[in-house]
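Please look over the sequence and the 3D structure below before reading on. The text after them is a short guided walk for a first look.

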Amino acid sequence: MTKTIVVIGAGISGLTTAYLLSKNGFDVRIIERKSEVGGSIESVNENGFLFDRGPNSALETTPLINQLVEELNLKDELLYANKEANKRYILRSNKLHALPMSPPAFIKTELFSAKAKLRLLAEPFIGRSNDGYYQSLAEFVKRRLGQEFLDYAINPFVAGVYAGRPEELSVKSAFPKLYALEEKYGGLIVGTVRSIRERKKRAEKSKQSAKMLSFKSGMIALPKAIAKFLGDKVILSAEVTSIDKTNEGYIVSYKHNGIDEAIACDAVLSTVPAYVALELFIKFNKNFKTHAEAIYYPPVLVYFLAYNKKDVKQPLDGFGFLIPEKEKKSFLGALWSSVIFPYRAKDDYATFTLFIGGSRNPEFVKEEREILLSRVRKEFEEIMQITGQPVYSSTRFWEKAIPQYNIGYIEHERFFDEFEKQNPGLFISGNFRGGISVGDCIKNADLVRDKINLQLRMNNL
Ligand SMILES: Cc1cc2nc3c(=O)[nH]c(=O)nc-3n(C[C@H](O)[C@H](O)[C@H](O)COP(=O)(O)OP(=O)(O)OC[C@H]3O[C@@H](n4cnc5c(N)ncnc54)[C@H](O)[C@@H]3O)c2cc1C
C-alpha cells in the first residue's frame with residue numbers, strides 16, 4: 001500500500017524532499033503555515049524593481065539543482081550570475097578593496113598588510129588542533145592563518161553567509177569542509193588541492209567554484225515550480241499544531257484557515273525552524289526543548305535601495321561588498337543586485353540589497369527604525385559615492401533569520417540523530433541540520449529522502 005508522508009513546511013527543504021519522495025511513489029502532503037510557498041525565499045516585484053527579500057542566489061554545488069531545473073521545465077527561467085559578480089569587495093579604512101582572486105592579485109592587494117601575507121605562508125606548517133569539535137571559527141582561522149586574515153577576510157565573509165560572528169560559530173558544524181581540510185589532510189592549502197581532485201571524481205563542486213544562479217522572476221521561481229508539480233498536495237495557510245503517535249503511524253493536526261483538520265500518515269518530516277519544532281516534538285523527548293531552544297536565530301533587517309545609475313560614482317563591476325566588524329559600520333554589507341543578475345531593474349537604474357544586524361549587532365531592533373535606516377543610507381552612499389536620492393526603498397525584517405551553528409552545535413546534531421533513531425517515522429530536517437544555504441538544503445533533501453525511503457521500505461513501517 002502507498003505510504004503517506006506529511007511534510008511540515010514549504011520552504012526549499014520541505015518542497016525539495018517532498019518532490020523527491022513523491023517521485024519515489026510516496027503519497028506526500030505538505031502543510032505550510034503561510035499563504036505562499038518558499039519560506040525564507042521571497043521575491044517581490046515593486047515599481048519595476050525585482051528584489052529577493054531572503055536568499056538572492058544559490059550556488060550550484062550539487063547536480064541535483066540542475067536536475068530540478070530540467071525536470072521542472074525551468075531552463076528558460078534560469079539565470080547564471082553575470083561575470084562581474086566574480087569580483088567581491090571588502091571595506092577597509094573606508095575604501096573598497098577587491099578580494100584578491102589570484103596569487104599576483106594577492107601580492108598586490110592593499111587589503112592585507114605585508115605581515116599578514118607572509119603569515120599565510122606558514123599555514124602548511126601548522127599542526128592540527130586537539131579540541132576541534134568545540135573550536136570557534138575565529139580560533140581555527142587565527143591559529144592557521146593569523147589575526148588579520150580573520151578580521152579582513154573571514155569576519156566579513158561569515159557576516160555575508162550566516163549574518164554571524166566567527167567567535168561564536170563552530171568551525172566543525174558551520175564550516176565542516178574547512179574543518180575537514182585540517183582533520184583529513186593536516187592543512188588548508190594542501191587539503192584544498194587534494195580535495196579539488198576528489199570532488200572532481202564525485203562530480204560535485206566546491207562553494208568557491210560552483211556557479212551562482214537565480215531565476216528571471218527571482219529565487220521564488222524554484223519553490224513555485226515544485227509547488228506546481230505537487231499541486232493539491234501542498235496545503236497552504238495551514239499551521240501544524242500537534243503530532244501524535246498511533247498504532248498505525250502518526251496523526252498530524254493543523255489549523256487550516258482557522259478550521260481544525262488532521263491527516264493520518266506513516267511518517268512525518270518536519271522542516272520548520274528549531275524553535276517551532278520544539279513545540280511539536282517535546283512530547284516525544286523532553287530534551288528536544290533544551291537543544292532546539294539553544295539554537296540562536298539572530299534578527300536581520302534587509303534594506304532595498306534603487307538609484308539612478310548616473311548618481312552612483314563607484315564603478316558597478318562586482319557582486320557587492322562586505323564590511324569587517326573592525327570597520328564599525330551600521331550594516332554588514334551590500335549586494336549590488338542589478339549587477340549580479342539581469343531582470344532586477346531597468347537599464348538606467350541600479351539596485352542594492354543591504355543587510356543590517358545579524359549576531360554582530362542584534363541590538364539594532366531596539367533602535368528607532370527611521371534613525372537606523374538614515375544612518376545606514378548615509379554610510380552606504382558615502383562608500384558608493386552616490387550623489388542623488390534613492391528612487392525606491394523598502395525593508396524586510398526577519399526576526400529570526402538564520403540559525404547559527406555555534407560552538408557546541410555538535411551536541412544538538414548528535415541529539416537530533418539520536419532522536420530520529422528512537423522515534424521511527426519521525427524525521428527532523430530544515431536549515432538547522434546539514435547547512436543553511438539553499439544549495440545545502442537541496443543536497444540535504446536528497447539525503448533525507450534516502451533516509452526516509454530506506455526506513456519506510458526496509459522496516460515496512
Ligand atoms: C535574509 C536571508 C538571506 C539569505 N541569503 C541566502 C543566500 O543568498 N543564499 C543562500 O544559499 N541562502 C541564503 N539564506 C538562507 C536560506 O535562504 C535558508 O536557509 C533556506 O531557504 C531555508 O529553507 P528551509 O526550507 O530549511 O526553511 P524555511 O525557509 O524557514 O521554511 C520553513 C517553513 O516552515 C513553515 N512553518 C513554520 N511553522 C510551521 C507550522 N507550525 N506549520 C506549518 N508550517 C510551518 C514556515 O512558514 C516556512 O515556510 C538566506 C536567509 C535569509 C533569512
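The paragraphs below go from the domains to the ligand, then to two sheets and a pair of helices.

This is a predicted model. Its chain is divided into three parts: domain 1 (4-39 + 218-295 + 404-458), domain 2 (112-202) and domain 3 (298-398). Between the C-alpha centres of domain 1 and domain 3 there are 34 Å.

The ligand is a good place to go next. Which domains each give at least three residues to the shell around the ligand? Both domain 1 and domain 3 do. The ligand is surrounded by 37 residues, and the closest are Gly9, Gly11, Ser13, Gly39 and Pro55. Sorted by class, the shell around the ligand consists of 19 nonpolar, 14 polar and four charged residues. At least two residues of this shell come from each of the helices α1 (12-23) and α16 (438-458) and from each of the strands β11 (238-245) and β15 (300-308).

Strand β11 leads from the ligand to a sheet. This open sheet has three strands in the order β11-β12-β13, with antiparallel pairing. At its edges are β11 and β13 (259-265), each of which pairs on one side only. On average, and with direction ignored, neighbouring strands of this sheet are turned by 25 degrees against each other. Strand β12 (residues 250-256) runs antiparallel to β13, and seven bridges join the two. In one of these pairings, Tyr254 has Glu261 in β13 as its bridge partner. Strands of a sheet pair through backbone hydrogen bonds, in either a parallel or an antiparallel way.

A second open sheet also has three strands, in the order β5-β9-β6, and its pairing is antiparallel. Because β5 (58-59) and β6 (78-80) stand at the edges with a single partner strand each, one side of each is left without a neighbour in the sheet. How many bridges join β6 to strand β9 (residues 212-215)? There are three, and the two strands run antiparallel. Within β9, Ser214 stands opposite Leu79.

The last stop is a pair of helices. Two packed helices are described by the angle between their axes and by the distance between the axes. Helix α5 (residues 137-145) packs against helix α6 (residues 147-162) at an angle of about 140 degrees, and their axes are 8 Å apart. Because of that angle, α5 is oblique to α6. The crossing of α5 and α6 is right-handed.

Definitions and conventions. Residues numbered from 1 in each chain as written. Predicted model: local features only at pLDDT ≥ 70, side-chain atom pairs only at ≥ 80, totals over all residues. Near = placed C-beta within 6 Å. Helix = DSSP H or I, 4+ residues; strand = E, 2+ residues; numbered from the N terminus. Nonpolar A, V, L, I, M, F, W, Y, C, P; charged D, E, K, R; others polar. Domains from an automatic or database assignment. Pairing = 2+ DSSP bridges. Axes fitted to C-alpha atoms, helices over the stretch in contact; angles between N-to-C directions. Parallel < 35°, antiparallel > 145°, perpendicular 65-115°, else oblique. Left-handed = near helix turned anticlockwise from the far one by under 90°.
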